Amino acid sequence: MFQNSWLILLFPLLGFVVTGIFSKKLTGKTSGIIASLMVLASFVYSAILFFQLKQITNSSVSVELFNWISSGKLSISFGFLIDPLSVTMMMIITGVGFLIHLFSIGYMHHDERVNTYFSQLNLFVFSMLLLVMSSNYLLMFVGWEGVGLCSYLLIGFWYRKNAFNNAARKAFIMNRIGDLGFIIGLIAIFTTFNSLDFNTVFSQSSHFLSGETIITFITLMLFVGAIGKSAQIPLFTWLPDAMAGPTPVSALIHAATMVAAGIYLVVRSSSLFILAPITMDVILVVGVTTALVAAIIALLQNDIKKVLAYSTVSQLGLMFIALGLGAFSTSLFHVTTHAFFKALLFLGAGSIIHSLQGQQDIRLMGGIRKSMPITFITFFIAVLAISGIPPFSGFFSKDEILAEAFHSNPLVWGLIVITSILTSFYMFRLLFLVFYGSYRGDSKTFGKIHESPKIMTIPLIVLAVLAFAGGFLNIPAMFGGTENFATFLKPSITLFNDFGFETKNHLTEILLALGVLLLIIVTILVSWYVFVKKSVLPVSDSTKRGIISKFIYNKFYFDEIYNFFIIKPYHWFSEKFTSFIETNIIDSIVNGIGSIVVFVGNKARLLQNGNIGFYMFVMIIAMISMIACIIWLK
């Protein structure tokens, strides 16, 4: 079965080709069914590999299909590394991806380009699978770029609106900045290890001492690539704007593909990162800053998808905190639970938007829980999970990060607690404003509000079960568990003596967890009092705000700062180069060469006048000149 693992890639690639080529002949429903079945087939095969992998001793299988590139010292195979890390990611991508495909059949059935949509969605899954299955950095980079291309296509799917095109371009360009770091990292890896193969690089890395400059440089460059894909400060502003694409695309980007790529890169390269304490500190600082800033921004957002987008950025910050602490399996555990409840939140938001005929402003919602009971219950479960309420999945993964932080750096632990409190406040604010109180939108729309069809609610129910039970994959020792998820991943992750899996004081952990839980419950009650009991509504955009509120509402002015310091100077230089260098120098050179050629041609054509006597005269002069030249040269 391992040798045929390429079939996992083939299925979505086949779906992409078939739905793409026959897009004008297939109905939207048929395209959706084909695309969904292809991803389901990949999930089934991935699950088979998962069970087979648990039965073998070394927990890692390298599959080499053919020699891809061979030139001098460079020899790269086209192959896969099937181990606990890659199989875990494969199951997340295909499992959650299948449910998102299924939901899309109902959500996108009215769209005129629905076949193109499913074709690109299959290509997205294929690219992400290639990224996580590859056995070397270069093949991983191919999948990495494929993911970037697909996100560009799908964010700008409704390309007739300029705002959507701008969002797609923004995502594409900001990711290219990160990709530049990744490319430099690849070159540095090859010049250091003479290979890009994971097994070769990681085995040779054991010969390096902790803190060596070249390892620090490599890991910093890889981290630049990671913050681009996983939307961390300063390259995070593209992700909220990426909400321009269809909502199921947002679910796919936020839960199963794009943003997980950066986390995966760092976890896959744990052998290198563990040797670079400076890089680990940088990751920790970036993660803490991103988690806190994004959570604060989410407090005052009024677009349902923007709230979820900033919550994703914040949750990714928590994952990077775990990476910075060396708790790689903890980070990936939160990637897993986050995939469940974030996909559920986005698909739930899609169900609401679908029913409210495109409305996304939570100020114009309210009181729809009885009209959409399945969407409400499943959305509620996801909110409980992301808020860290036991026994929902987010509690277990977030509590692990808190425990790791408390044992490593109490200040970081305190900041994570503040982030968790903010998260529970803005998520329950969202829940109460959307589902409770009275409806505040158009009265004509209220009469048409209804629950989504089964093709959309079934994925919500399945994801709700996962969002509830996903935490039981890794029950910690303090609750009598054996941390099965971390144990399974252990062969794929390199650990250092000071990081992870150390024995902790379980009584302290339980007291800390209870303390944080108490704070979160108080926060939820405050949110209920403000938005349900007192029916406080967010103010309109035109209302004059205080300085702090204005600062937060405008997202810390990140976009304005980038616009002032980067985009405007870039445009200024572009205009100056166009008006001076382009016009006066480049155009003068190009036009001058053309003028010279035309002048010489005009003069030279006079030589061809049809006079035989003149031709013979020229021939004789030429012969005399050649003879004179030969004699002179001798």
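The exercises below, each with a worked solution, concern a predicted model.

**Exercise 1. Overall make-up**

Describe the chain by its secondary structure, its extent and its burial.

Solution. Start with the elements: the chain has 25 helices and two strands. Next take the extent: the C-alpha trace spans about 110 × 65 × 55 Å along its principal axes. Then turn to burial: 53% of the 634 residues count as buried. The surface comes to about 27400 Å², and carbon and sulfur atoms supply 69% of that area. Last, consider the contacts between residues at least 6 apart in sequence: 80% of these join residues at least 24 apart.

**Exercise 2. A salt-bridge network**

Which residues are joined with Asp179 into one network of salt bridges? Work outward from Asp179.

Solution. Step one is the pair Asp179 and Arg176, whose closest N and O atoms are 2.4 Å apart. Both residues sit in helix H6 (residues 162-193), and because they are three residues apart, about one helical turn separates them. In general, an α-helix has 3.6 residues a turn, so residues three or four places apart point the same way.

Step two is burial. Asp179 has a relative accessible area of 3%, under the 20% cut-off, and is therefore buried. Arg176, at 23%, lies above that cut-off but not over 50%, so Arg176 is partly exposed.

Step three is the other salt bridge of Asp179 listed here, with Lys229; the closest N and O atoms are 3.7 Å apart. This pair links distant parts of the chain, as Lys229 is in helix H8 (residues 213-229) and Asp179 in helix H6, 50 residues apart. Lys229 is buried, with a relative accessible area of 0%.

Step four gives the result: salt bridges with shared partners join Glu145, Arg176, Asp179 and Lys229 into one network.

**Exercise 3. A long-range pair**

Where in the chain are the two partners of the salt bridge between Arg268 and Asp83?

Solution. The closest N and O atoms of Arg268 and Asp83 are 2.8 Å apart. Arg268 belongs to helix H11 (residues 258-268), whereas Asp83 is in the loop between strand S2 (74-82) and helix H3 (84-107). The two are 185 residues apart, and the pair links distant parts of the chain. Both partners are buried. The count of salt bridges comes to nine.

**Exercise 4. A nonpolar surface patch**

Which elements give two or more residues to the nonpolar patch?

Solution. First list the members: Trp6, Leu10, Leu14, Leu65, Phe66, Trp68 and Val142, with about 570 Å² of accessible area together. Then assign them: helix H1 (6-21) and strand S1 (61-71) each give two or more residues. Val142 is placed in helix H5 (residues 137-155). At 37% relative accessibility, Val142 counts as partly exposed.

**Exercise 5. Helices H17 and H18**

Is Asp399 buried or exposed? What flanks helix H18?

Solution. Asp399 lies in helix H17 (residues 393-408). Its relative accessibility is 8%, so Asp399 counts as buried. Beyond its neighbours within four places in sequence, Asp399 is in contact with Gly394, Met478 and Ala513.

Now take H18 (residues 410-435). Its 26 residues reach 37 Å from first C-alpha to last, close to the 38 Å expected at 1.5 Å a residue. At its start, a side-chain oxygen of Asn409 comes to within 3.1 Å of the backbone nitrogen of Leu411. After H18 comes Gly437, with a positive phi near 75°.

Terms used: Residues are numbered from 1 along each chain as its sequence is written. This is a predicted model: local features need pLDDT of at least 70, side-chain atom pairs count only at pLDDT 80 or more; totals for chains, interfaces and linings use all residues. Side-chain values use heavy atoms; hydrogens and water are left out. Helices (H or I, at least four residues) and strands (E, at least two) are DSSP runs, numbered from the N terminus. The expected span of a helix is 1.5 Å times one less than its number of residues. A polar contact is a pair of N or O atoms within 3.5 Å; within protein, one must be able to donate a hydrogen and the other to accept it, and residues adjacent in sequence count only if both atoms are side-chain atoms. Buried means under 20% relative accessible area, exposed over 50%, partly exposed in between (1.4 Å probe, protein chains only). Contact means heavy atoms within 4.5 Å. Patches are made of residues with over 30% relative accessible area and no salt bridge: like charges are joined within 9 Å, nonpolar side chains (Val, Leu, Ile, Met, Phe, Trp, Tyr) within 5 Å. Accessible areas come from the Shrake-Rupley method with a 1.4 Å probe; for residues, only the protein chains shown count as cover. A salt bridge is a side-chain nitrogen of Lys or Arg within 4 Å of a carboxyl oxygen of Asp or Glu.
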